[in-house]
Amino acid sequence: MSTGLYSLHINNKKKLYARNIIIAAFLIAFAVISLFPIFYMVTSSFGPAVDSASAARSIFPSSWSLDSFKAYFDFSEYSIRWILNSILVSGCTVLGNVIFASMAGYAFAKINFKGRNFLFFSVLVAMMIPYQVTQVPLYILIVNKFHMSNSYLSLILPGLATSYNIFLAKQFFTSIHTSLLESAKIEGANQLHIFARIVLPISKTILSVMAINTFLSSWNTFFWPFLVTNKEAMYTVQVGLKTFKFANSTLFSPMMAGATISALPMFVLFFALQKYFLEGVTVGAVKG
Amino acid sequence: MAHKQTNNHKQKRFRITSDDRWGYAFIFFAMVIFLVFTIYPVISAIKTSFLDYKPFGSEYVGWENYADTFHNKLFFKAVKNTVIYTAIVVPATIAITFTLSVMMMAFSKKIQTVFKGIYYLPGIASGVALSVVWLWLYDSSPSGLFNEIMTFLHIPTQNWLNSSKTAMGSLIFMAMVSSHGTNIIIYIAALLGIDKSNFEAAEIDGANFLQKIRYIVIPLVKSTTLFLFITGIINSFQVFMNAYMMTGGGPDNNTTMIGLLIFNNAFTRSEFGLACAQAIIMAIIIAAISFVQFKVMGEDIEY
């Protein structure tokens with residue numbers, strides 16, 4: 001299939017193939033460059049745990065072993081717990097957003113209550129505020145006033161229903177036909193019924209996209225967990241990796257093993273649910 | 001009688017309907033989170049920016065934090081660094097991803113999806129993980145990968161991240177080859193949305209490939225480009241991770257960006273008031289840039 005943009009050699013099969021091969025070669029070459037750091041990270045993580053400082057590092061390690069992974073896990077008695085912490089925090093954040101942000105989004109889209117436009121407008125404005133503005137007061141609030149540092153609540157609560165997800169849900173639910181909901185209302189169904197029995201079942205895609213996006217950003221987030229945890233037992237994977245990096249600045253392969261471990265769950269999810277990852281990008285992009 | 005009617009009318013308007021009750025019930029939890037963890041911190045940030053903050057007994061200092069910021073050379077250096085970084089990374093990334101997306105249009109949707117996936121993959125690794133990897137690619141010893149390339153080309157090895165000549169360039173290069181996925185996916189969606197009749201008309205006029213790009217594609221994806229520019233600038237102004245993990249802002253604060261400066265003021269020097277003032281200045285700069293961009297580039301966009 002060729003679009004109108006590439007109609008030039010459409011009648012000349014030979015030229016068409018030659019042109020497409022050149023374009024593909026360029027695209028693959030650039031993809032190799034952009035994938036290289038990830039590739040290098042994974043292959044290097046199988047290298048020896050301690051290499052002599054002067055040894056030349058190549059793309060593939062001189063000998064393959066799992067020693068570096070062992071070295072990374074031996075660094076802290078909590079390194080397995082960091083992974084479990086990340087799973088717990090990201091899991092709860094996803095659950096909270098899928099339930100609460102979608103309920104709020106549905107209300108903003110389909111329930112005609114007083115103050116709706118004003119409240120939704122403030123959610124929109126809040127999306128544009130850089131996180132640096134809220135970070136310091138949030139830190140003072142959680143750590144100095146609520147005394148909640150080193151707790152799961154401090155890691156989970158602030159991200160439990162993000163403005164972005166409320167916006168995303170509202171945009172999607174607006175596109176559902178009101179007539180469908182009205183007829184259910186006439187038959188006596190209340191809003192909770194309509195939401196749970198009619199709206200949610202036809203919104204599986206958007207909810208999956210929301211869940212995956214939220215999981216990805218929660219898993220990869222560094223700044224907030226770094227601020228509110230100072231006990232090793234409460235670190236997340238990303239904070240643990242940062243700590244390892246600053247403590248062992250010369251251990252090449254173990255550091256790569258740590259980076260691989262921090263990224264591995266996302267890679268697995270990506271290969272399993274690629275469709276939703278890619279769809280999530282265009283769903284989120286506000287059109288004009 | 002007339003009076004009574006308006007009274008009735010008023011009562012009707014302010015009566016709590018069942019829709020109101022359901023609406024508030026549905027948004028209740030999200031709005032509590034929103035109020036406590038977004039609205040309150042924003043108001044508190046404005047208040048704190050006028051304080052010499054101490055855990056007990058903060059002092060009101062008026063505009064002092066703002067005045068200090070504007071008399072601080074390091075702040076201007078950080079702004080300059082951020083602007084340089086943004087001015088190179090954002091347009092370059094947009095040019096690269098536009099070119100790649102246009103190239104992908106030569107293929108079927110199936111192949112496009114494969115490429116989208118490949119280019120999206122690096123973006124799902126965390127900032128910490130990517131920084132760790134690039135730290136080693138830029139290793140100053142001869143065994144660092146970039147230095148191995150230099151040796152191969154008979155160019156002297158570089159102290160990439162610790163020399164004021166190359167540190168900023170190294171961070172810029174890293175940003176330019178990482179994570180193109182999002183932009184590409186958005187561009188392809190826009191390119192697929194262009195009506196083929198536009199190209200047919202151009203072909204009748206004898207337009208070649210580059211003319212089609214110049215006179216049809218670029219104008220028709222302009223609103224997408226504007227969107228990517230604005231989101232790109234907003235993200236780039238908040239950049240923190242790579243400078244924090246890889247250079248620590250050095251050498252000689254040559255890679256200190258606003259995000260890192262605010263972080264250092266707040267969490268290493270405990271100057272919460274100053275940090276809040278600088279964060280608010282940054283928010284205003286970002287808002288101003290987005291607004292100007294909308295005005296300049298958005299002039300002839302039709303919605």
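Trainee: How many residues does each chain bring to the contact between chain B and chain A?

Mentor: In this predicted model, chain B gives 80 residues and chain A gives 80 residues. On the chain B side, helix α2 (residues 18–48) supplies the largest share, 19 residues.

Trainee: What makes up that side of chain B, in terms of nonpolar, polar and charged residues?

Mentor: The side that touches chain A has 58 nonpolar residues, 15 polar and seven charged.

Trainee: Let's turn to chain A. Why is Pro48(A) called partly exposed?

Mentor: Pro48(A) has 18 other C-beta atoms within 10 Å. A buried residue needs 20 or more, and an exposed one has 12 or fewer. The value of 18 falls in between, so Pro48(A) counts as partly exposed.

Trainee: Where does Pro48(A) lie, and what is it in contact with?

Mentor: Pro48(A) sits in the loop between α1 (13–44) and α2 (67–75) of chain A. Beyond neighbours within four places in sequence, its contacts include Pro61(A), Asp67(A) and Ser253(A).

Trainee: Why is Gly240(A) not among the contacts of Pro48(A)?

Mentor: Contact asks for C-beta atoms within 7 Å. For this pair I can offer the C-alpha atoms, which are separated by 21 Å. Gly240(A) is 192 residues away from Pro48(A) along the chain.

Trainee: Back to chain B: what radius of gyration does it have, and what would a compact globule have?

Mentor: Chain B has 26 Å, whereas a compact globule of 303 residues would have a radius near 19 Å. The C-alpha trace spans about 95 × 65 × 35 Å along its principal axes.

Definitions and conventions
Residues numbered from 1 in each chain as written. Chains lettered and ligands numbered in written order. Predicted model: local features only at pLDDT ≥ 70, side-chain atom pairs only at ≥ 80, totals over all residues. Rg over C-alpha atoms; globule rule 2.2 N^0.38 Å. Helix = DSSP H or I, 4+ residues; strand = E, 2+ residues; numbered from the N terminus. Contact = placed C-beta atoms within 7 Å. Nonpolar A, V, L, I, M, F, W, Y, C, P; charged D, E, K, R; others polar.
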